[in-house]
Amino acid sequence: KRTAEFYRNPSITSNIYLHFSTLSEDIQKYAKYAKGTLLDIGAGFAPYKPFFKNVDKYIKMDNFEYLGVKPDIIGDALNIPLEKESVDSVFSSQVLEHVPNPQKMVDEAHRVLKKDGVCILTTHMAQVLHGEPHDYFRFTKYGLRELFKKFKYVEVKPNGGALLAIFQFFIFAIDQKFPIISKPIVTFLNLTIKKLDKMFFDERFTINYLVYAIKWKN
């Protein structure tokens, strides 16, 4: 039911504002590094496409039609139907935790990237169960570095710190238990916690990570 605009610019009154606003800000920061032909793995309706202003071609891939939006390629993230070294950039947001073999997905991204191609990927460290029953994994920064070991450069950035992550769960609980009166409380917390999280930043616990990786030259 969420719109593409919601993912890019979630409402301050939303019970998942902290999650999506922080994620969107970091994707926008790193989107400038994408170039040439970009493959969006698990694109859905590609809400972040407007951020990728430097790409020449944006290819949406998914394994089914998402809410009536037909992807450019219907394919499996574990067996991407593209030739080796056929794209310049790969982007994937919140998909890695939903595949049964995350290493295979990362290896497939590496395979289809050209030399010096870039990969921008986001995934969870902490989140409630979602997309059930296909919700398999949560990741640490060390686990992600291990998955991306074939790449020559790997940067793993937390999307927010411990305070933001903890209060995102707290907001979920408030909204679930007290839906009638939750909106003003949720709005106040959304306005406050994001600022406090930056003041008392602790990267040991985060909602998501963004991985920015560059492929090895062969």
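In the predicted model, the lining of the second largest pocket comprises seven charged residues, three polar and three nonpolar. This pocket holds about 180 Å³ of space. Its lining is formed by 13 residues, and those nearest the centre are T22, E25, K157, G160 and K198. Two or more lining residues of the second largest pocket come from each of α2, β6 (151–159) and α6 (182–199). Of the elements, α2 makes the greatest contribution to this lining, with four residues.

The largest pocket has a volume of about 1100 Å³. Its lining consists of 42 residues, with Y66, S93, Q94, V95 and H98 closest to the centre. The elements that supply two or more residues to this lining are α2 (17–30), β1 (36–41), β2 (55–62) and β4 (87–93). Helix α2 again appears here, giving the most to the lining of the largest pocket with three residues. By class, the lining of the largest pocket divides into 22 nonpolar, 14 polar and six charged residues. Helix α2 thus takes part in both linings, with three residues in that of the largest pocket and four in that of the second largest pocket.

Strand β4, which is among the elements that contribute two or more residues to the lining of the largest pocket, was examined further. This strand is mostly covered, seven of its seven residues being buried. S93, one of the residues closest to the centre of the largest pocket, falls within the range given for β4 (87–93).

The pairing of β4 was then considered with respect to two other strands. Three bridges connect β4 with β1, and the two strands pair in the parallel sense. Within this pairing, D40 has F91 of β4 as its bridge partner. Strand β1 is also listed with β4 among the elements that give two or more residues to the lining of the largest pocket. Strand β5 (residues 113–124) likewise runs parallel to β4, and six bridges join these two strands. In this second pairing, L113 in β5 stands opposite V87.

The connection between β4 and β5 involves helix α3 (residues 102–112), and the three elements make a right-handed β-α-β unit. Strand β4 therefore combines several features of the model, as defined by its DSSP run: parallel bridges to β1, parallel bridges to β5, and a place in the β-α-β unit. In addition, β4 gives two or more residues to the lining of the largest pocket, while seven of its seven residues are buried.

Conventions
Residues are numbered from 1 along each chain as its sequence is written. This is a predicted model: local features need pLDDT of at least 70, side-chain atom pairs count only at pLDDT 80 or more; totals for chains, interfaces and linings use all residues. Side-chain values use heavy atoms; hydrogens and water are left out. On a 1 Å grid over the protein atoms alone, a cavity is a set of points where a 1.4 Å probe fits but cannot get out, and a pocket is an open set with protein on both sides within 12 Å along at least five of seven lines; lining residues have an atom within 4 Å of a point. Grid points are joined across faces, edges and corners, and a volume is the space filled by probe spheres set on the points. Ala, Val, Leu, Ile, Met, Phe, Trp, Tyr, Cys and Pro count as nonpolar, Asp, Glu, Lys and Arg as charged, and the others, Gly among them, as polar. Buried means under 20% relative accessible area, exposed over 50%, partly exposed in between (1.4 Å probe, protein chains only). Two strands pair if DSSP finds at least two bridges between them. A crossover is right-handed if, with the strands pointing away from the viewer, the path from the first strand over the helix to the second runs clockwise.
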